[in-house]
Amino acid sequence: MPKGSTRFAQNDVSRRTFLSSTAAAGVLATLAPSLLTASAARAAVADGEVFSASHWGAFTATVQDGQWTKITPWEKDPHPSHQLEGVLDSVYSPTRIKYPMVRRAYLENGPGSSNETRGQDDFVRVSWDQALELVVKELKRVEETYGPTGTYAGSYGWKSPGKLHNCQNLLRRMMNIKGNFVNSAGDYSTGASQVIMPHVMGTLEVYEQQTTWPVVAEHTELFVIWGADPMVTNQIGWIIPDHGAYPGMQAFKDTGKPVICIDPVRTESCDFFDAEWIAPKPQTDVAMMLGIAHTLYEEKLHDADFLDEYTFGFDKFLPYLTGESDGVPKTAEWAAEICSVPADKIKELARLFASKRTMLSSGWSLQRQHHGEQRHWMLVTLACMLGQIGLPGGGFGLSYHYSSGGSPGASGPVLSGITDGGKAVDGAAWLTESGAATIPLARVVDMLEGPGSDFNFNGKTQKYPDVKMVYWVGGNPFAHHQDRNRMVKAWQKLETVVVHDFQWTATARFADIVLPATTSYERNDIEQYGDYSLKAIIGMKKIVDPLFEARSDFDIFTDISARLGNERAFTEGKTELDWIKGFYEGAEKQASAKNTEMPDFDAFWDKGYVEFPVTEEGRNYVRYADFREDPLLEPLGTPSGLIEIYSNNIEKMGYDDCPPHPTWMEPVERLDGPNAKFPLHVTTSHPRGRLHSQLNGTVLRKTYTVADREPCLINTEDAAARGIADGDIVRIFNDRGQLLAGATVTDAIRPGVIRVCEGGWYDPVEPGTDGSLDAYGDVNNVTVDIGTSSLAQANCGHTAIADVEKFTGEVPAVKVFSTPANA
Ligand code: PGD
Ligand code: PGD
């Protein structure tokens, strides 16, 4: 590992160590004896091996005496994630929710009477019957009292993969059959780009196959990684990852061709590729891209023919670029003042990009910032000026860092899954007098704070509904949402909060009724392998019987539906295995229509998987090759059929904070910006050692915590100026909140920037108290909770200015990794 690399990397459980350290004795020894209850002793197989899968990959589980004792990555996985060690541990983690629990004050006083102590009170164990009766009573009361928009079930989060146990679809299925609810649109990952990109490219772009890695290795001459860390973030998949990006990245590295990383952090990917590291000030990328674009134009390095034939509106963007429209030419010198990358370097990049077959890849942090819509729009504009979109190895790519975008594809069928039952999926279409049926999901706190107030979203203005009850499954909003203290206050307005999870997250601790869900490893399911490659279908087999009183979300919602008189509509009379078989047989029909043979269900289930070969077409895929070949016959889904550098539709919306062409705008706060009240930018990257907040409650913590807390990367100069040494406990603070973390002093982050990864469990020293110190390190204590703009209203998790100091007070204990009292 090169000198100065991040602590995450230094503490890596290497693949080899991991494979040997998960041998039976090692893992079994870590299980708390108190967790080995009678129900745990009855495993799906008492002894033997079970093939199953997760967000982290496919694996074989070894079971001994009904206990899961060892996890071995699938031999076909080219780059297993070290996080699998935490997957096993998550089942036996001390944070498991064992029984249905109700907040004592809620149970004693009823809904709405003790909201302000939510998060502080203890919990009481109740029977499943009591718990479900309470839930059903509340669902009815809220609908009767407050109408169709009384309950928010727009519940978001990364749950677990599996086509049946999709807990969010199951929640909405139960709600849809019952009546109405408020839903959500979008997601926290790509909220800005998934709204702007359809205006620009006619597709979402962010969740689509990339020009494949073999094509990149052969044709790309310069690979640019603009704000991404693909070595870290490709570890996981929304479904079961095939990790196909890793051999792809290795093949590119083996060619010896250059890679440039543009990132405030010298990332693991930067080290892996031995790349040139350029570290602009965070949130200034649009200015830097404009500086490059201006140089291309001034030096006549842009591809005028491509712009003419394939794009719309460059002529309207040009006066802005040259300064004709606003008196400010977007020169490299102008850009350098903002982004701090020297003007000569910006010009050099323009010449380099134009001289080579260049792939501009970008991650998504850039668009989880104020005015995030502009980032990828400007990147696309830059790629248009280079004129290489649709050529092998050229253009841009927004998913090389995610779920192995660019992994060569197979021609397998697509599995269906349980649906949410229909009507609220298209919720935006039905408005009620009491407010919108669907809100942009990152605006949930605005909704709770301001019922009846107007909000804009992608050209529409609607009113926030007056929500009184929240039902959350498969997500951890007390980790994922911004400005924690504001959120705590908004949550206290709710009359009832119901949460299903298998662990005591902060979200569960801030609920009234908490129901213990099973982990994915305590039930059967089915899922595809390879988010973009679809190379196999895998049976996600149950490994052990449910621990304690945990039940699957499917069973819980079946029971609730039965109590509402809707069981048949919910289950359609099918058991877990009937559903799984049905999804498989649907795929078989698709396959046979394409003359592809699949084994029958029983043979598949016995073997555990069915594979589909990578095709020539899938191996050689070049994004936008068809469009480039014939833009008239293969138009894009935009109004002009071309790439829109200027959008008439966005112009018509008339938003001040989202102009009709890519534009540099000052974010609400940034490093050294006009509104910077604090001296440091806080970047909130995705963690190497977990998936958001998932697995934070496991043994993996030992691989990354510093002084038992989330690590805070801080540059040597910034640390010295504050008397902070490596390993010190530090306090990070701004006007919104404060948290403790453990300092990692390094030169692998630019001065003026600190990094605390998202997903650290919120552990307030005084829960429910405004501005409470967080003992463990939830970075969303200090981030801003505003929409990216009126267009997408997405989250700005990467927008935060703060300061840091050595913590000298009495160090509070970290409490969040054990269960609450009585639980
Ligand atoms: P997870 O930790 O994955 O985080 O936020 P998200 O809420 O998705 O939470 C999933 C929860 O579901 C866990 O508590 C897990 O135990 C539970 N779960 C898993 N399987 C099941 C199941 O079968 N049933 C039930 N009932 N529960 C289950 C992630 C979100 O955070 C995302 S996607 C992004 S991209 C954002 N990123 C940032 C960021 O970059 N910066 C900041 N500041 N903030 C962010 N927040 C966002
Ligand atoms: P981040 O880590 O937030 O990841 O993928 P995404 O690309 O959004 O940011 C990537 C890089 O951007 C970081 O190295 C960060 O320093 C840099 N960066 C931050 N701000 C700026 C900026 O202003 N300018 C520039 N140039 N760079 C900047 C996240 C993706 O990862 C998502 S959305 C999900 S849901 C998954 N989450 C995880 C996860 O939690 N853990 C792992 N291991 N893997 C994941 N994969 C997915």
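In this predicted model, an oxygen atom of ligand 1 is found 2.8 Å from a side-chain N or O atom of glutamine 694. Histidine 686 also reaches ligand 1, with a polar side-chain atom placed 3.0 Å from an oxygen atom of the ligand. Glycine 797 takes part through its backbone instead: one of its backbone N or O atoms lies 3.1 Å from a nitrogen atom of ligand 1. Taken on its own, ligand 1 has 920 Å² of accessible area, and the protein covers 99% of it.

The wider surroundings of ligand 1 complete this picture. The ligand is surrounded by 33 residues, and the closest of them are Trp158, Ser160, His480, Asp501 and Ser693. Sorted by class, this shell holds 20 polar residues, 7 nonpolar residues and 6 charged residues. The second largest cavity is the space that ligand 1 takes up.

Attention can now turn to ligand 2, which sits in the largest cavity. Around ligand 2 there are 34 residues, with Asp263, Gln283, Asp285, His686 and Pro687 as the closest. Histidine 686 is thus among the closest residues of ligand 2, and its side chain also supplies the polar atom that lies 3.0 Å from an oxygen atom of ligand 1. The shell of ligand 2 is made up of 16 polar, 13 nonpolar and 5 charged residues.

Several polar contacts can be followed here as well. Aspartate 285, one of the closest residues, has a side-chain N or O atom 2.8 Å from a nitrogen atom of ligand 2. Serine 365 places a polar side-chain atom 2.8 Å from an oxygen atom of this ligand. From isoleucine 262 the partner is a backbone N or O atom, and it lies 3.0 Å from a nitrogen atom of ligand 2. Of the 910 Å² of accessible area that ligand 2 has on its own, the protein covers 99%.

A step back shows the chain that holds both ligands. Its secondary structure consists of 31 helices and 30 strands. Along the principal axes, the C-alpha atoms fill a box of roughly 75 × 65 × 55 Å. How does the radius of gyration of the chain compare with that of a compact globule? For 823 residues, a compact globule would have a radius of gyration near 28 Å, so the 26 Å of the chain agrees with that expectation.

Technical notes. Residues numbered from 1 in each chain as written. Chains lettered and ligands numbered in written order. Predicted model: local features only at pLDDT ≥ 70, side-chain atom pairs only at ≥ 80, totals over all residues. Heavy atoms only, no water. Near = heavy atom within 4 Å. Polar contact = N/O pair within 3.5 Å; in protein donor to acceptor, adjacent residues only side chain to side chain. Areas by Shrake-Rupley, 256 points an atom, 1.4 Å probe, with all protein chains shown as cover. 1 Å grid on protein atoms, 1.4 Å probe; cavity = no way out; pocket = protein on both sides within 12 Å on 5 of 7 lines; lining within 4 Å. Sits in = over half its atoms within 2 Å of the grid points. Nonpolar A, V, L, I, M, F, W, Y, C, P; charged D, E, K, R; others polar. Helix = DSSP H or I, 4+ residues; strand = E, 2+ residues; numbered from the N terminus. Rg over C-alpha atoms; globule rule 2.2 N^0.38 Å.
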